[in-house]
Amino acid sequence: AKYVRFLADRIGSGLSGRRVLDLGAGEGKNAVYLARLGADVVAVDHSEIALGRFNQQPGYEEVSGSLVATVADVEDVEYGDGSFDVVVAYGIFHCLDSISSVEALVRRVQGWVKSGGWFVGATFTDRIPPPQVQDYLSEEAFLPEGRLEELFQGWQEVSSENGTITESHPTSLVEHQHSICRLIARKP
């Protein structure tokens, strides 16, 4: 994902040996990429099928020993304070059922990041409602623009952007748009 690559470019070889949590890891695009850069990655997703497709990512075989895939609901996982150098939450917040659920998970994520560690994430915002082809998404979880940045107030905002993306999915080739916020922040 765009901001995951941006963070990797910023940290560079600093990912080697770092502990990374990828929430909502899906088929492992970000998790495998970060493991290939030397990180030890814990990947969490509720879909066993998606996690089972990690082996389809380029370079997976070389880094499979640096990856731990966990089938779980992201709202149910627990980690100790300061457990991770980097937490990736790229596209999971808008899959929850309410803004209060998003905010609660953000607070927990913030605790899991070590001092000096990084958060990188992206979530849909409420400027554009979910398309009919994604009726499983609840607009009730779409943050207002600027809210994700507010939730990380007190952290060093490295980069953020609010914009619009146009996409389609293999399961539905209908082109549609989302308003999105991307953020990289560093914990003081």
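Here a student and a tutor talk through a predicted model of one protein chain.

Student: What are the helices and strands of the protein chain, and how many are there?

Tutor: The protein chain has six helices and seven strands. Starting at the N terminus, their order is α-β-α-β-α-α-β-β-α-β-α-β-β.

Student: How do you know that the radius of gyration agrees with a compact globule?

Tutor: We set the value against the rule. For 188 residues, the rule gives a compact globule a radius of gyration near 16 Å, and the protein chain has 16 Å, so the two agree. Along the principal axes, the C-alpha atoms fill a box of roughly 40 × 40 × 30 Å.

Student: What share of the residues is buried?

Tutor: Of the 188 residues in the protein chain, 50% are buried. The accessible surface comes to about 9000 Å², and carbon and sulfur atoms hold 44% of that surface.

Student: Why is Phe93 called buried?

Tutor: Good one to practise on! Buried means under 20% relative accessible area. Phe93 has 0% relative accessibility, so Phe93 counts as buried.

Student: What makes Phe93 and Phe119 a stacked pair?

Tutor: Let's start with the general idea. A pair of aromatic rings is described by the distance of the centres and the angle of the planes. Rings pair if their centres lie within 6.5 Å, and planes under 30 degrees apart count as stacked. Seven aromatic pairs are found in the structure. In the one formed by Phe93 and Phe119, the distance is 6.3 Å centre to centre and the planes are 20° apart, which is stacked. This pair links distant parts of the chain: Phe93 is in the loop between strand S4 and helix H5, Phe119 is in strand S5, and they are 26 residues apart.

Student: Is Phe119 buried or exposed?

Tutor: Phe119 is buried, because its relative accessible area is 0%.

Student: Why is the pair of Phe119 and Phe152 called stacked?

Tutor: Use the same two limits, 6.5 Å and 30 degrees. The ring centres of Phe119 and Phe152 are 4.4 Å apart and their planes stand at 25°, so this pair is stacked. Phe119 belongs to strand S5 and Phe152 to the loop between helix H6 and strand S6, so the pair ties together parts 33 residues apart in sequence.

Student: How do you know that Phe152 is buried?

Tutor: Its relative accessibility is 3%, so Phe152 counts as buried.

Student: Which residues form the aromatic cluster?

Tutor: Phe93, Phe119, Phe152 and Trp155 together form one aromatic cluster.

Note on methods: Residues numbered from 1 in each chain as written. Predicted model: local features only at pLDDT ≥ 70, side-chain atom pairs only at ≥ 80, totals over all residues. Heavy atoms only, no water. Helix = DSSP H or I, 4+ residues; strand = E, 2+ residues; numbered from the N terminus. Rg over C-alpha atoms; globule rule 2.2 N^0.38 Å. Buried < 20%, exposed > 50% of the residue type's maximum accessible area, 1.4 Å probe, protein only. Areas by Shrake-Rupley, 256 points an atom, 1.4 Å probe, with all protein chains shown as cover. Phe/Tyr/Trp six-rings, centres within 6.5 Å; stacked < 30°, edge-to-face > 60°.
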